[in-house]
Amino acid sequence: MMKKFILYVFTILLAVPAFSQDHKMGMGNTEGNKHLPFFTKKGHREIYHLYINDTTVNYTGKKRPAMAINGTIPAPQLTFTEGDTAEIYVHNEMMMETSIHWHGLILPNRYDGVSYLTTTPIEGGQTHLFKFPLVQHGTYWYHSHTMTQEQSGLYGAFIINERKPSPVKEYTLMLSDWTDENPEQVQRRLHNATDWYAIRKGSTQDYLQAIQTGHLKTKLTNEWKRMTAMDVSDVYYDRFFSNGKAEDAAPQFKAGDRVKLRVINGSSSTYFWLGWAGGKISVVANDGEDVQPVTVDRMIVGVAETYDVEVTIPRDGSYEFLATSEDRTRYTSLWLGSGEKKPAKKLPRLKYFEGMQMMNDMMDMKGNMKEMPGMKMTNQVMDMNMVMYAEMNDGEPHVTLKYTMLKSVRPTTLPSGPTKLLNFELTGNMNRYVWSINNKTVSETDKILIKKGENVRIVLYNNTMMRHPMHLHGHYFRVLNGQGEYSPLKNTLDIMPMEKDTIEFRATESGDWFFHCHILYHMMSGMGRIFSYENSPPNPEVPDPVAGFKKIAADDRKFYAAAEVGLESNGSDGNASLANTRWKFSTMWHLGLNKSKGYESETMFGRYFGRMQWLYAYAGFDYHYKKTDELETNMFGQVSNKNNRHTVVAGLAYTLPFLFVADARIDGNGKLRFQLGREDIPLTSRLRWTLVGNTDKEYSTGLRYIINENFSISSHYDSDMGLGGGLTLIY
């Protein structure tokens, strides 16, 4: 019966992801469908028709499901003129709902495009009209704001030209990232703390690497402070793209041409370093807003940021504009000009242990970041990752763009008025992939009420080990960067670890507006807030705001399945779980080959507490059967009763330094148990060690060699089951 029960539970857990987006796609564009013209212009009305479809792509030699707009990834560029009116018909030809958010645009609340918050979701087979005046010019973009559809291909450039054409030649560069995995599976793996992406990147920072690089002390200090390996980018990506290609080319430009590149980071979670083979880069706009030109050698563009940069083609040839992912796994290129190729200097691998050493110095034992002596971290004064970049020590001067260099072309001082001050601490941890503000997710907070006519000032402090691109819908904020009344205007702010920034905006709109981290998987995990204008008129697109908020809140309440099943010569050890941001349901089993080896199962339900979630309280049921004539006692002198134990259990688990978990519990018979153990100690990139023991005189130790994301070769010794070896299946 116990074996059947465990098999039943495991089957249910494996079935959960069958409802992911991979199985919801499939309608596609049927033969004979009549599509209206992509673009027409009637007076000052600029009319576009966008058709969203499921599709199949092959970027890596494998056919993979994707989503496209008008058959292309990225979606087609939409080009407008300032002062005109946009009329955009979005036709959803998929079987699932979708949405489109117009990133960076100032527009009526009902057209912002966040389903259930500002705009009605576009159901399968439906068409939605977005109609709004174009009150600005610059470089923007659009993307789905539904689930993880953006990662599947729903994003494109949105360009608004000034009424008077510019004489400068220009080209749009849309940067993006691609994974062959279903994005819903990516999200599940992140929440379950899989190490597979780090293995593929070569960034596990294991003990062998620590010894080989002379950083054993760094590794030990890191784990003493209960930190996992340093992570620069969450996801391993199979490709990075320039306008949908690994390499794009613009041969039409000639020697001496001054070219404005409209750079859009349309990735889901990748920062890009930009470098130019032809010399200096001149930054002339950011997030659609003009800035006084500033000349740099290189720059990083955060997720969702846009920059207008100007470069000059120095002489005949094709010059590389290089975009390298921050984790240095891959790069993508745009070649400007024709003729002999002039490559840009490639960036070397990251020095992870040097970065880890600096993080060790800046993090206390409670998981909080602390300022280094004499260093006030604000507005990118120091890039937290600079120490990891080997090229910084090559003896060549490099001018790197920082926010302190950005200066608006016009005064941006807010009108006088009452000021609402908000303090937002960006919080979270990599151990359980929790991302929040003030240690609360969107679902755990109320909307923040603001009043039209007041100035809203936000002090942001990043108390995490990762950078976060914080985006405000429907507004521009001033970044107080030391430029006084010429402080730049932005809609997305890259804030680095330990950094403190101040932004402010004038409350001039109505309705509800999202403020969130634009790393897709951080946003889906709950790092955001909703600003709500008091006394706003009803939004016809959201007839029931309370029900709508529940839909929004469901994103970070989602449960993710995980399982690890050992099939070895001495039996089966395994565990399976369903967990979300705070809660976890789990079942664990040890199945020997016969009754004398024993059968055991523990099924628990519990909650994590604290910002770092080191404390876990749980309750559940424990079953143990072992045929034996011995009367076993635990270290407290209590009878273990392993021959027929079935009782309720309650306990507390706490993560100690070196990432060992101490677990104390009491069962319904009054028996106590204390257990200490750690899983997945990284001896090498793929070889992992597990060690556990408890006061019931049970102990086990094992090794697991990771073959791929789903299979490992494993061997372990268990005090009840003995020595065995075989395979471990991982889900």
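Q: Which elements do the buried residues of α3 pack against?
A: This is a predicted model. In it, the buried residues of α3 contact two kinds of element, helices and a strand. The strand is β33 (560-568). The helices are α2 (149-152), α4 (196-201) and α8 (520-525).

Q: Why is helix α3 (residues 183-191) largely enclosed by the rest of the structure?
A: Buried means under 20% relative accessible area. P183, V186 and L190 are among the residues of α3 that meet this, and so are E184, R188 and R189. The helix is largely enclosed because the buried residues number nine of the nine.

Q: Which residue has a side-chain oxygen within 3.0 Å of the backbone nitrogen of E184?
A: The contact lies at the start of α3. The backbone nitrogen belongs to E184, and the side-chain oxygen that reaches it comes from N182.

Q: Which residue with a positive phi follows α3?
A: Look just past the helix. The phi there is near 55°. The residue is A193.

Q: Which strand gives the most to the largest nonpolar core?
A: The largest nonpolar core has 94 residues. L261, V283, F321 and F531 have the most contacts inside it. F321, for one, touches L173, W276 and V309, among others. The strand that gives the most, with five residues, is β10 (residues 169-178).

Q: How many residues does the second, separate core have?
A: This core includes I69, A75, L78 and Y111. Its count is 29 residues.

Q: Where does pLDDT stay under 50?
A: The chain averages a pLDDT of 92. Where pLDDT is low, predicted coordinates should not be read in detail. The stretch under 50 has 58 contacts beyond four places in sequence in the model. It covers residues 1-32.

Technical notes. Residues numbered from 1 in each chain as written. Predicted model: local features only at pLDDT ≥ 70, side-chain atom pairs only at ≥ 80, totals over all residues. Heavy atoms only, no water. Core = buried A, V, L, I, M, F, W, Y, C linked by side-chain atoms within 4.5 Å. Buried < 20%, exposed > 50% of the residue type's maximum accessible area, 1.4 Å probe, protein only. Helix = DSSP H or I, 4+ residues; strand = E, 2+ residues; numbered from the N terminus. Contact = heavy atoms within 4.5 Å. Polar contact = N/O pair within 3.5 Å; in protein donor to acceptor, adjacent residues only side chain to side chain. pLDDT = per-residue confidence, 0-100.
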